[in-house]
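Please look at the chain below and turn it slowly before reading on. The report then goes through its fold, its surface and its inner spaces.

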Amino acid sequence: MSLLPSHMRDFMVVPVCHDIQINGQTIGLHDSGVLWWPEESTLVVADLHLEKGSSYARRGVMLPPYDTAATLEKLAAVIDAFDPARVIALGDSFHDMGGSDRLPPAYRAMLTTLQLNREWIWVTGNHDPIAPVRLCGETVDEITLGALTFRHEPVEGINAADGEVCGHLHPAGRVRRFGRSLRRPCFVTDGSRLVLPAFGALTGGLNVMDKAYETLFERRRFSAFLLGENRLYPFTASRLIAD
């Protein structure tokens, strides 16, 4: 049975992934920006940044107040498609420590529905270092399942964290094709570690050619999978360009 109410059916997705290996484990990358690990029936999502709009509004910066609704509708569509036994949210799920307490009742009910009958793990992030308020799920700083370790921020050092799956950096890749440039959120990996794109509606992206990635991947020895319309676009580092 679909989790999505009728007015959200336009967000339905096809659960077809691009399979890669991370530290010897076969996992799938989906064009929505989530990771699917079929062996563990685990869906992994990074950087939801729920209630970012309301966080900015409290500081006098007015953004359209629809980010949480858009993010949760997209997440509901992905969960509806994959029906995971476990969901891991890789930190910065809320834009600030009060974000979960500000969730409007309708969005809280929607998130609670998504959590029904499945394990839900909140990984702490730099924006949300404490457990969400009045929400189900287990809160951890990091979690290791088999050969993979899930945390928010990557451990610095090339080859320092085999099997690391993380978020935090909001990776984006830029390429030039047919005389035009294209910049999209992306997965970035060297086969040892994987950084997921930010999933939230109001999240930006940091180009993978930025210096912030130099301590994580050997120069020109990684690949980026740019998010496209119902597909991913894989590029080796040699094809990527800076902003």
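What follows describes the chain as a whole and then the spaces within it.

The model is predicted, and its secondary structure comes to four helices and 16 strands. Of the 243 residues in the chain, 51% are buried, while the chain exposes about 11,300 Å², of which 51% is supplied by carbon and sulfur atoms. Among the contacts with a separation of 6 or more, 67% are accounted for by residues that stand 24 or more positions apart along the chain.

The largest pocket has a lining of 32 residues, and those that lie nearest its centre are Asp31, Ser32, Lys74, Leu227 and Gly228. Three elements, namely α2 (67-82), β11 (171-177) and β12 (180-189), each supply at least two residues of this lining, and β12 gives the most, with three residues.

The structure also holds one cavity of 30 Å³ or more. The residues that line the largest cavity are Ser93, Phe94, Trp122, Val123, Thr124, Asp128, Ile130 and Pro132.

The table sets out the volume and the lining classes of each space.

| Space | Volume | Nonpolar | Polar | Charged |
|---|---|---|---|---|
| Largest pocket | about 660 Å³ | 15 residues | 10 residues | seven residues |
| Largest cavity | about 40 Å³ | five residues | two residues | one residue |

Which residues of the largest pocket should a reader find to locate its centre? Asp31, Ser32, Lys74, Leu227 and Gly228 lie nearest to that centre, and the lining around the largest pocket includes 15 nonpolar residues and seven charged ones.

Conventions. Residues numbered from 1 in each chain as written. Predicted model: local features only at pLDDT ≥ 70, side-chain atom pairs only at ≥ 80, totals over all residues. Heavy atoms only, no water. Buried < 20%, exposed > 50% of the residue type's maximum accessible area, 1.4 Å probe, protein only. Contact = heavy atoms within 4.5 Å. Areas by Shrake-Rupley, 256 points an atom, 1.4 Å probe, with all protein chains shown as cover. 1 Å grid on protein atoms, 1.4 Å probe; cavity = no way out; pocket = protein on both sides within 12 Å on 5 of 7 lines; lining within 4 Å. Points joined across faces, edges and corners; volume = space filled by probe spheres on them. Nonpolar A, V, L, I, M, F, W, Y, C, P; charged D, E, K, R; others polar.
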